[in-house]
Amino acid sequence: MGIFLQSIEGVLVILVMIVLGYCLARAGWFDEKSSKLIARLVTQVALPCYMLDTITRDFTAKELFRLLPDLKFPVVSMLILFGISVAVARIIRIRKERRGLFESMFFNSNTVFIGLPINMALFGAKSLPYVLVYYMANTTFFWTLGVYLIKRDGTSTEQFSWWATIKKVFSPPLLGFIVAVILVLLHIQVPKFLMSDFSYIGGLTIPLSMLFIGIAIENAGLSQMRLSRHSIGILVGRFILAPVLMSVLVLPAPVPLLMKQVFILQSAMPVMTNAPVVAKLYGADADYAALMVTESTLLSLVVIPILMTILRQ
């Protein structure tokens, strides 16, 4: 019971900020432009600074070298999940114009806006390298295979651009992580005033991420949520199949317990926040994607404490 209550408290820290974002959006403080601005601040400014501050301050070269082989777990997991998503989409008869979007949302998870704050609240800064390893695999799969699947559904004539995809994969958060790793490996000392700046700016990451989620939930509209085979399939994939598969992969492996917990938790995160944006860009069903982001985000607040209690047994 103590573990369950601790997990609940970790989620409540996050939930309060989400509710604040939702209430402020309901009160008219934010519009669509505000939401986009917050997302850009998090992904392009705050999160890279957070990476630079935390990695250079809390980790050694030896610890970082040990992380690279761990990339195989999320890669293998997502490849298998993609195969399962193709089968599930046909078994439950997802209509053709939604099939690619369904598959993309099935095997990709929200590793930044939800995954990072949840892991930091539950495990602290020591979880960050494992969060980032999963993030590297997840963001690569989403901006390549995931975007291709969504585009396949769409009506837009815009061509798939490999150069644009590469720029998305090597996003500011990933570049911040890479720069931080290089600084640690080369034993380069960053001036103290810059480290203070990275710390202050990076501190915006978690609260702004949660405000963004609250705004997104309000924009999607809670009244539109409906359980159907289109949504149940995604929810089962995100919250049952993904963590079970990751557990099968990592629990027998001789790796740190914290890594196992973080990877399983990251695999059970809700649908990628970028899915509706990409769906809208390519003329796919953006409303369906936005609805699944909302439903899976809300359900994750129930699933995460239960999952954490099981993991800590």
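## Salt bridges, rings and a nonpolar core

In the whole structure, a search finds five salt bridges. Please keep in mind as you look around that this is a predicted model. Side chains of opposite charge can pair when their charged atoms come close. Let us begin with the pair formed by Arg 26 and Glu 218, whose side chains meet in a salt bridge at 4.0 Å, N to O. Arg 26 belongs to helix 1 (residues 2–26) and Glu 218 to helix 11 (residues 205–220), so this pair ties together parts that are 192 residues apart in sequence. The two partners sit in contrasting surroundings: Arg 26 is exposed, because its relative accessible area of 59% is over the 50% cut-off. Glu 218, at 18% relative accessibility, counts as buried, because the limit for that label is under 20%.

Next, turn to Glu 103, where you can follow a small network. Which residues are linked with Glu 103 in a network of salt bridges? They are Arg 90 and Arg 152. On one side, the side chains of Glu 103 and Arg 90 meet in a salt bridge of 3.3 Å, N to O. Glu 103 is in helix 5 and Arg 90 in helix 4, so the pair ties together parts 13 residues apart in sequence. On the other side, Glu 103 forms a salt bridge with Arg 152, with the closest N and O atoms 3.3 Å apart. Here the partner of Glu 103 comes from helix 7, so this pair ties together parts that are 49 residues apart in sequence. Is Glu 103 itself buried or exposed? Its relative accessibility is 1%, so Glu 103 counts as buried. Both arginines are partly exposed: Arg 90 has a relative accessible area of 43%, and Arg 152 has a relative accessibility of 44%.

Staying with helix 5 for a moment, let us look at the aromatic rings. How many aromatic pairs does a search of the whole structure find? It finds six. In one of them, the rings of Phe 102 and Phe 106 have centres 5.8 Å apart and planes at 35°, so the pair is tilted. Phe 102 and Phe 106 both lie in helix 5, four residues apart, which is about one turn of the helix. Phe 102 and Phe 106 are both buried. Another pair is made by Phe 107 and Phe 141, with ring centres 6.4 Å apart and planes at 90°, so the pair is edge-to-face. This pair links distant parts of the chain, since Phe 107 is in helix 5 and Phe 141 is in helix 7, 34 residues apart. Phe 107 and Phe 141 are also both buried.

Elsewhere, ring pairs link Phe 73, Tyr 134 and Phe 263 into a cluster. A ring can also meet a charge: Arg 98 lies over the face of Tyr 288, at 4.2 Å from the ring centre.

Phe 263 brings us to the nonpolar core. The largest such core has 101 residues, and those with the most contacts inside it are Ile 55, Met 105, Phe 263 and Leu 265. Helix 7 (residues 128–153) gives the most to this core, with 14 residues. To see the surroundings of one of these residues, select Leu 265: leaving aside residues up to four places away in sequence, Leu 265 touches Ile 118, Asn 119, Leu 122, Phe 123, Ile 304, Leu 307 and Met 308.

What about the cysteines? A search of the whole structure finds zero disulfides. Cys 49 has a relative accessible area of 11% and is buried, whereas Cys 23, at 43% relative accessibility, counts as partly exposed.

Finally, two loops deserve a visit for their backbone angles. Arg 93 is not a glycine, yet its phi is positive, at about 60°. Arg 93 is found in the loop between helix 4 (72–91) and helix 5 (96–107), and with a relative accessible area of 62% it is exposed. His 187 also has a positive phi, near 55°, in a residue other than glycine. The place to look for His 187 is the loop between helix 9 (172–185) and helix 10 (192–202). At 61% relative accessibility, His 187 counts as exposed.

Terms used. Residues numbered from 1 in each chain as written. Predicted model: local features only at pLDDT ≥ 70, side-chain atom pairs only at ≥ 80, totals over all residues. Heavy atoms only, no water. Buried < 20%, exposed > 50% of the residue type's maximum accessible area, 1.4 Å probe, protein only. Disulfide = S-S within 2.5 Å. Core = buried A, V, L, I, M, F, W, Y, C linked by side-chain atoms within 4.5 Å. Contact = heavy atoms within 4.5 Å. Phe/Tyr/Trp six-rings, centres within 6.5 Å; stacked < 30°, edge-to-face > 60°. Lys NZ or Arg CZ within 6 Å of the ring centre and 35° of its normal.
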